[in-house]
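Grab a pencil and keep the viewer open. Each exercise below comes with a solution that goes step by step.

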Amino acid sequence: MPKSNQEKNKSHYEKLYGNYSVNNIIYWVNNLDTFLTAAIATETSWQGLYQNDFRKRLPGKKVLEMGCGDCVNAAIMASLGAEVYANDLATASGEIIRKVNEACDFKYPIQFVEGDFLENKLENNQFDYVIGKAFLHHLTIPVEQEFLKETARLLKPDGEARFFEPAVNSRVLDEIRWHIPVKGRPSKFNKEAFKLWKDNDPHPDRSFSSAHFEKVGRNFFEGVETIPIGSLERFSRLMKWGKKQAAYKRWAFKNEKMLPLSINRTFARGQLIVYRKPII
């Protein structure tokens with residue numbers, strides 16, 4: 001019997017994080033400002049999730065992160081003074097959190113919420129923020145709706161959900177992307193290799209468009225916003241890793257904000273999805 005998408009995700013990430021070293025996390029926590037400033041300036045997911053001085057809004061807030069994975073973001077938020085609850089299907093993530101809690105002097109030790117998020121048994125309306133950093137795109141659309149419904153239940157009335165996700169608002173660009181090989185993913189031109197990769201990929205076939213996230217969000221939230229990220233930064237992938245690439249990324253993130261929204265939305269590599277005012 002074929003595995004469900006959640007089973008594929010659990011299997012994939014148990015293997016990925018089973019022997020994960022926490023040394024880098026501990027180093028980044030101990031050098032928090034240097035790490036986070038650089039990450040926000042040069043990395044798409046950090047630039048996206050931490051838009052609008054999010055780091056300054058976290059101290060003292062109660063936060064739930066879906067799909068905490070390698071737990072880097074959970075540790076960073078805890079270092080910033082947030083009371084963090086971190087959920088993941090993979091038990092390996094819980095082991096990472098245990099080690100990080102032992103090594104780091106957080107004001108609030110990270111609480112691990114293991115297993116299926118839809119069976120979390122957490123009380124209503126208790127979180128200031130629900131966070132997902134490249135998480136929703138792992139869900140099928142029907143399951144995503146259940147997750148967003150649960151998110152609305154858990155948020156305080158004035159709380160906010162923030163999800164950084166891939167953006168696919170141009171079918172032409174998306175088709176070109178599939179035909180360009182990247183590390184770990186063969187070109188679509190290589191049909192056999194691509195099929196093998198696709199069969200083992202934990203990501204389902206689904207929409208990543210801004211219009212989709214806006215439409216589904218309105219079922220559960222009065223306030224819905226998508227912010228495109230990476231319309232210029234995406235071209236950094238044509239450059240070699242190093243100081244020149246990092247400098248280009250800093251320039252791109254700064255200057256793409258001055259482009260018309262229609263251009264940014266079409267060419268965005270990622271997007272911040274913000275949901276407010278949960279519909280109870």
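**Exercise 1.** Work out the relative accessible area of Arg269, and find which residue forms a salt bridge with Arg269.

*Solution.* Start with the surface: Arg269 has a relative accessible area of 27%, so Arg269 is partly exposed (buried is under 20%, exposed over 50%, partly exposed in between, with a 1.4 Å probe and protein chains only). Bear in mind that this is a predicted model, where local features need pLDDT of at least 70, side-chain atom pairs count only at pLDDT 80 or more, and totals for chains, interfaces and linings use all residues. Residues are numbered from 1 along each chain as its sequence is written, and side-chain values use heavy atoms, leaving out hydrogens and water.

Next, the partner: Arg269 pairs with Glu233, with 3.0 Å between the closest N and O atoms (a salt bridge is a side-chain nitrogen of Lys or Arg within 4 Å of a carboxyl oxygen of Asp or Glu). Glu233 sits in the loop between strand 6 (221–229) and helix 12 (243–255), and Arg269 in the loop between helix 13 and strand 7 (270–278), 36 residues apart. Helices (H or I, at least four residues) and strands (E, at least two) are DSSP runs, numbered from the N terminus. Glu233 has 0% relative accessibility, so this partner counts as buried.

**Exercise 2.** How many salt bridges does the structure hold, and which parts does the one between Arg206 and Glu144 tie together?

*Solution.* The count is 13. In the Arg206–Glu144 pair, the closest N and O atoms are 2.8 Å apart. Arg206 lies in the loop between helix 10 (191–200) and helix 11 (210–217), and Glu144 in helix 8 (residues 141–154), so the bridge ties together parts 62 residues apart in sequence. Both Arg206 and Glu144 are buried.

Now try Arg265 and Glu214, whose side chains meet at 3.0 Å, N to O. Arg265 is in helix 13 (residues 261–267) and Glu214 in helix 11, so this pair ties together parts 51 residues apart. Arg265 is partly exposed at 25%, while Glu214 is buried at 14%.

**Exercise 3.** Which residues of helix 12 are buried, and which are exposed on the other side?

*Solution.* First, the length: helix 12 has 13 residues and reaches 18 Å from first C-alpha to last, close to the expected 18 Å (1.5 Å times one less than the number of residues). The buried set is Gln245, Ala246, Tyr248, Lys249, Ala252 and Phe253. They span an arc of only 160° around the axis (taken from the directions from the axis to the C-beta atoms), which puts them on the same side of helix 12. An α-helix has 3.6 residues a turn, so residues three or four places apart point the same way. Lys243, Lys244 and Lys254 are exposed on the other side. The cover over the buried residues includes helix 3 (32–42), helix 4 (44–49) and strand 6.

**Exercise 4.** Which helix gives the most to the largest nonpolar core?

*Solution.* The largest core has 43 residues (a nonpolar core is a set of buried Ala, Val, Leu, Ile, Met, Phe, Trp, Tyr and Cys residues joined through side-chain atoms within 4.5 Å). Helix 6 (residues 72–79) gives the most, with six residues. Met77 is one of the residues with the most contacts inside this core. Beyond neighbours within four places in sequence, Met77 is in contact (heavy atoms within 4.5 Å) with partners including Tyr50, Phe54 and Leu58. A second, separate core of 24 residues includes Val130, Phe163, Phe213 and Phe221.
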